[in-house]
Amino acid sequence: MFKNLINGEWVEGARVSRNINPSDTRDVVGEYAQADAAQAREAIAAAAKAQHAWGLSTPQQRFDILDSAGAEILARKAELGDLLAREEGKTLPEATGEVVRAGNIFKFFAGEALRVGGQVVPSVRPGVGVEVTREPVGVVGLITPWNFPIAIPAWKIAPALAYGNTVVLKPADLVPGSAWAIADILQRAGLPAGVFNLVMGRGSEVGQVLLDDRRVNAISFTGSVATGQRIAQACVARMAKFQLEMGGKNPMVVLDDADLEVAVNAAVNSGFFSTGQRCTASSRLIVTEGIHDRFVAAMAEKMKSIKVDDARKKGTDIGPVVDEKQLAQDLEYIAIGKSEGAKLVAGGEAIAKNADGAPGWYLRPALFTETTPQMRINREEIFGPVVSVVRVKGYEEALAQANDTEFGLSAGIATTSLKHATHFKRHVQAGMVMVNLPTAGVDYHVPFGGRKGSSYGPREQGTYAAEFYTTVKTAYTQA
């Protein structure tokens with residue numbers, strides 16, 4: 001059984017949860033301890049006790065630990081990629097790529113630990129000096145989702161530790177294995193007791209304690225809009241800092257002048273890879289009428305070659321949906337699309353068993369056409385391999401439709417027009433914009449985040465992470 005990490009010790013939980021392989025539901029990845037509210041409070045107490053010393057630790061100490069963790073993650077990329085694919089359902093190449101990203105994130109923030117600087121500026125008053133410095137926020141609670149079980153914990157843990165904070169991590173219930181692996185690596189990298197704590201457990205117990213405990217100075221969350229809103233309310237009530245990454249209904253615009261192959265490949269990757277279970281996935285394809293029919297025909301043809309199978313099998317393009325509940329939600333939205341009058345031109349069927357006869361939560365990717373902007377499948381985040389096409393007359397209407405959403409995480413455009421690409425980058429209401437690229441897939445050293453209902457608070461990743469994980473101090477000295 002895999003245990004929780006509290007104050008430098010591996011401890012059993014109040015109960016045990018079984019981690020199930022969605023590619024073969026007969027396969028139990030492992031049994032993981034589930035912390036209760038009391039253990040969550042113990043983890044917070046440990047983090048609070050360790051924070052002062054860790055906040056004053058040297059940049060070299062933080063660099064060494066984070067660099068060591070990153071190096072081990074990269075050295076074990078095949079093993080950890082296999083674990084990730086087994087517990088979450090990403091294909092093995094995607095899972096291994098995510099592990100490499102996590103390793104690179106730790107190495108990047110190892111360097112950032114050495115680069116935390118400040119400013120020395122003259123005062124407007126004679127004889128007075130001013131120093132502007134950054135200090136750690138304190139104890140940080142991290143709540144991470146199931147769809148990126150090693151990359152998202154990494155891009156929260158690494159900057160938190162690099163800037164001198166202590167951490168309590170609550171990973172998603174569905175994917176404890178990857179988070180446990182990070183905890184094990186950090187523990188052996190030499191972190192002092194209490195600096196990093198892992199409490200696997202239910203959000204209603206462990207997550208609620210993180211929200212309510214005044215010793216937790218900041219919360220970084222990635223997950224659903226509804227949960228994000230509850231976190232915001234709880235943090236505002238006690239004046240804690242918070243950072244939210246939530247939903248998306250990301251558009252991809254395809255213009256008449258687009259390279260058809262480039263547009264189709266970007267749309268297939270955006271909508272269907274990782275089983276569509278990415279907050280940056282594009283489930284709205286906004287296509288101008290001059291290319292519409294050719295684009296839809298090419299999409300449907302491309303989808304015929306997509307292989308849905310065991311995530312760890314060579315040649316698999318798309319693995320299973322993460323669990324039975326998510327599969328039911330995807331199928332419900334497919335039924336909604338049909339009932340609203342959308343035309344299902346490809347896929348949409350559940351597959352009970354993979355090619356080897358193993359039971360799993362499989363779904364053939366679905367493509368809807370003849371949809372209207374107000375249909376629920378074009379308004380609500382489905383979080384599965386379900387994509388709809390909206391036909392528009394030209395660029396202006398396409399841009400208006402792209403912005404007609406309560407979300408604003410990622411947006412893409414396929415075009416050979418520099419004029420339209422430039423205009424789109426400036427005027428689309430999204431935090432990240434892709435030109436002739438999938439809407440999903442971002443670098444680890446640049447800011448990640450969105451606008452409107454998708455995100456709240458400072459950006460994640462890159463040097464921008466300092467905005468959340470540090471607080472600024474201004475000091476005056478008269479010689």
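**Figure 1. An open sheet of three strands in the predicted model.** In this predicted model, 3 strands are arranged in the order E5-E6-E24 to form an open sheet, and their pairing is antiparallel. The edges are taken by strand E5 (119-122) and strand E24 (470-478); each has a single partner strand, so one side of each is left without a neighbour in the sheet. From one strand to the next, the twist averages 25 degrees.

**Figure 2. Pairing of strands E6 and E24.** Strand E6 covers residues 128-136 and is joined to E24 by 9 bridges. The two strands run antiparallel. Within this pairing, Val-132 has Thr-474 of E24 as its bridge partner. E24 itself spans 470-478 and stands at an edge of the sheet.

**Figure 3. The largest nonpolar core and the surroundings of Phe-106.** The largest nonpolar core contains 64 residues. Phe-106, Ile-157, Leu-161, Leu-186, Phe-196 and Leu-198 are the residues with the most contacts inside this core. Leaving aside residues up to four places away in sequence, Phe-106 touches Leu-66, Ala-69, Gly-70 and Ile-73, among others. Its contacts also include Ala-154, Ile-157 and Ala-158, as well as Ile-182 and Leu-186. Ile-157 and Leu-186 are thus named twice: they touch Phe-106, and they are listed with Phe-106 among the residues with the most contacts inside the core.

**Figure 4. The salt bridge between Lys-90 and Glu-98.** The whole structure holds 26 salt bridges. One of them links Glu-98 to Lys-90, with 3.0 Å between the closest N and O atoms. Both Glu-98 and Lys-90 are buried.

**Figure 5. Arg-76, Glu-79 and a salt-bridge network.** Salt bridges that share partners connect Glu-72, Arg-76, Glu-79, Asp-184 and Arg-188 into one network. Within it, the side chains of Arg-76 and Glu-79 form a salt bridge with an N to O distance of 2.8 Å. Arg-76 has a relative accessible area of 21%; because buried means under 20%, Arg-76 counts as partly exposed. Glu-79 is also partly exposed, at 45%.

**Figure 6. The salt bridge between Arg-202 and Glu-205.** Arg-202 and Glu-205 form a salt bridge in which the closest N and O atoms are 4.0 Å apart. Arg-202 is partly exposed, and its relative accessible area is 40%.

Notes: Residues numbered from 1 in each chain as written. Predicted model: local features only at pLDDT ≥ 70, side-chain atom pairs only at ≥ 80, totals over all residues. Heavy atoms only, no water. Core = buried A, V, L, I, M, F, W, Y, C linked by side-chain atoms within 4.5 Å. Buried < 20%, exposed > 50% of the residue type's maximum accessible area, 1.4 Å probe, protein only. Contact = heavy atoms within 4.5 Å. Pairing = 2+ DSSP bridges. Helix = DSSP H or I, 4+ residues; strand = E, 2+ residues; numbered from the N terminus. Axes fitted to C-alpha atoms, helices over the stretch in contact; angles between N-to-C directions.
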